[in-house]
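Reader: I am in my first year and would like a close look at a single part of this protein. Could you take me through it slowly, and explain each term as you use it?

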Amino acid sequence: MGSVLVPLVAAGLASLLWPVIGVAGLALTAAGLWLVLAHTGIVRALGTLLSVAVPLAVLALFAANGVVWAAAVSLGLWALAAVAARTALTPAGVAAEAGREQRAEAPRRPWIVMNPLSGGGKVTRFHLAEKARAAGAQVVLLDPARHQDVAELARRAVDDGADLLAAAGGDGTQALVAEVAAVHDIPFLVIPAGTRNHFALDLGLDRDDPAAALDALTDGVELRVDLGFAADRVFVNNASFGTYASVVADPAYRNRKLRTALQTLPDLLGGDEAPGLRMRAGDTRIGGLQAVLVSNNPYRRAADTARPGRRERLDSGWLGVLCVGVHSAAQAARTVRGARSADLRRLTAREVVVEADSGTVPAGIDGEHVTLPAPVLCRIAPGALRIRVPRHRPGTPANRPPADWPRVLRLALDTGGGQRG
């Protein structure tokens with residue numbers, strides 16, 4: 001109630017207009033950003049002006065009417081209410097896990113492949129090879145000067161008797177070794193030595209201290225998590241199709257990300273090079289898409305107050321699917337409606353088929369660019385991967401389900417006459 005009362009007290013009934021103004025400003029800003037991304041020349045300049053001027057105008061309007069502080073307090077109270085609701089409605093004793101933990105014996109012959117270039121040299125900076133060898137692991141350092149088949153190296157290690165496989169590198173390297181571990185049903189250890197390491201993040205590992213993952217060799221527990229497949233390619237995080245994958249495929253993207261994106265997006269979003277994707281999942285069919293993101297377990301929405309942009313769990317047995325089909329500034333403005341927007345669709349599925357107008361479709365598999373023959377079948381393999389993690393790790397907050405807002409409202413309006421549980 002406080003988030004509603006604060007603006008009412010500050011500005012009276014007229015404050016009911018401020019949320020409308022704020023949403024309208026967001027919609028116009030989204031439309032301006034679309035013009036920036038999808039056009040060049042004077043139209044892009046106008047889009048830049050719109051996307052900068054509208055937020056400033058809304059902020060100035062709020063300031064002129066003395067409601068900036070009220071809006072900030074109201075938003076803060078909404079966030080506090082969301083956290084409180086999730087905490088209050090979570091059953092006691094819910095464990096914080098990417099999957100169920102089981103006791104694990106220390107491996108006898110652990111094998112670890114390390115990419116010395118990943119993450120700007122984290123392998124060297126954190127002395128990972130030396131620490132892993134001291135813990136009894138066989139370490140293979142990749143040679144930056146030549147191409148090496150990481151999956152083949154892992155298969156040879158299994159043939160030689162390795163009873164645990166590990167990778168110190170980015171998510172692409174992790175996926176290659178994880179697939180071999182899953183095929184042979186032996187544990188896999190993630191050492192977050194890459195740049196982002198989203199998989200490690202959702203496992204609760206400390207990405208700022210990759211050496212801490214080595215504790216799993218002596219004091220570890222085991223989880224069963226899912227693996228995603230795009231055609232015959234394994235992904236631990238996601239497979240992206242369409243616009244983003246096409247941008248990443250440009251050789252110039254690695255060194256000049258923003259410039260490359262601004263140069264290539266106009267053709268990809270509205271020109272002859274637009275992907276033209278379609279998606280099928282069960283009875284759901286969606287066409288006219290520019291991008292499809294298929295994830296190994298669903299991601300939370302970016303606006304989620306607890307774990308924005310992260311996965312609640314990694315063992316649900318479901319793929320997350322995000323479909324984007326925006327072809328005009330008006331459609332871009334409608335995306336501010338979130339889940340209710342017809343131009344931005346979210347769903348879950350066991351299998352997803354991505355189709356394209358051409359015989360192939362560009363894809364990003366855990367950030368690695370590939371070209372796959374269309375249509376592409378994406379599926380999930382529940383519990384396919386045994387993961388070894390340290391017993392103590394920092395990133396495992398309580399696993400709380402989304403708040404049941406109708407129930408929250410009923411509880412809030414209950415003055416004592418209802419039955420208490």
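Author: What follows looks at the strands around Arg-345, and then at the cores and the surface. The model is a predicted one, in which local features need pLDDT of at least 70 and side-chain atom pairs count only at pLDDT 80 or more, while totals for chains, interfaces and linings use all residues. Residues are numbered from 1 along each chain as its sequence is written, and side-chain values use heavy atoms, with hydrogens and water left out.

The chain holds 13 helices and 17 strands; helices (H or I, at least four residues) and strands (E, at least two) are DSSP runs, numbered from the N terminus. Arg-345 belongs to strand β13, which covers residues 344-349. With a relative accessible area of 35%, Arg-345 is partly exposed, a class that lies between buried, under 20%, and exposed, over 50%, as found with a 1.4 Å probe and protein chains only. Once its neighbours within four places in sequence are set aside, Arg-345 is in contact with Thr-284, Ile-286, Val-321, Leu-322 and Cys-323, where contact means heavy atoms within 4.5 Å. Although Arg-345 and Val-292 are 53 residues apart in sequence, their C-alpha atoms are 9.6 Å apart in space.

The strands themselves show how this part is put together. Strand β13 pairs with β12 in the antiparallel sense over six bridges, and two strands count as paired if DSSP finds at least two bridges between them. Within this pairing, Leu-319 stands opposite Ala-349 in β13. Strand β12 (residues 319-324) also pairs with strand β11 (residues 291-296), again in the antiparallel sense and over six bridges, and here Val-294 stands opposite Val-321 in β12.

Val-294 leads on to the interior. The largest nonpolar core has 38 residues, and those with the most contacts inside it include Trp-111, Leu-165 and Phe-188; such a core is a set of buried Ala, Val, Leu, Ile, Met, Phe, Trp, Tyr and Cys residues joined through side-chain atoms within 4.5 Å. A second, separate core of 27 residues includes Val-294, together with Phe-235, Val-370 and Leu-372. In soluble globular proteins, nonpolar side chains tend to be buried together.

By contrast, Ile-42 in helix α3 (residues 41-64) counts as exposed, because its relative accessibility is 62%. Over the whole chain of 421 residues, 46% count as buried, and among contacts between residues at least 6 apart in sequence, 71% join residues at least 24 apart.
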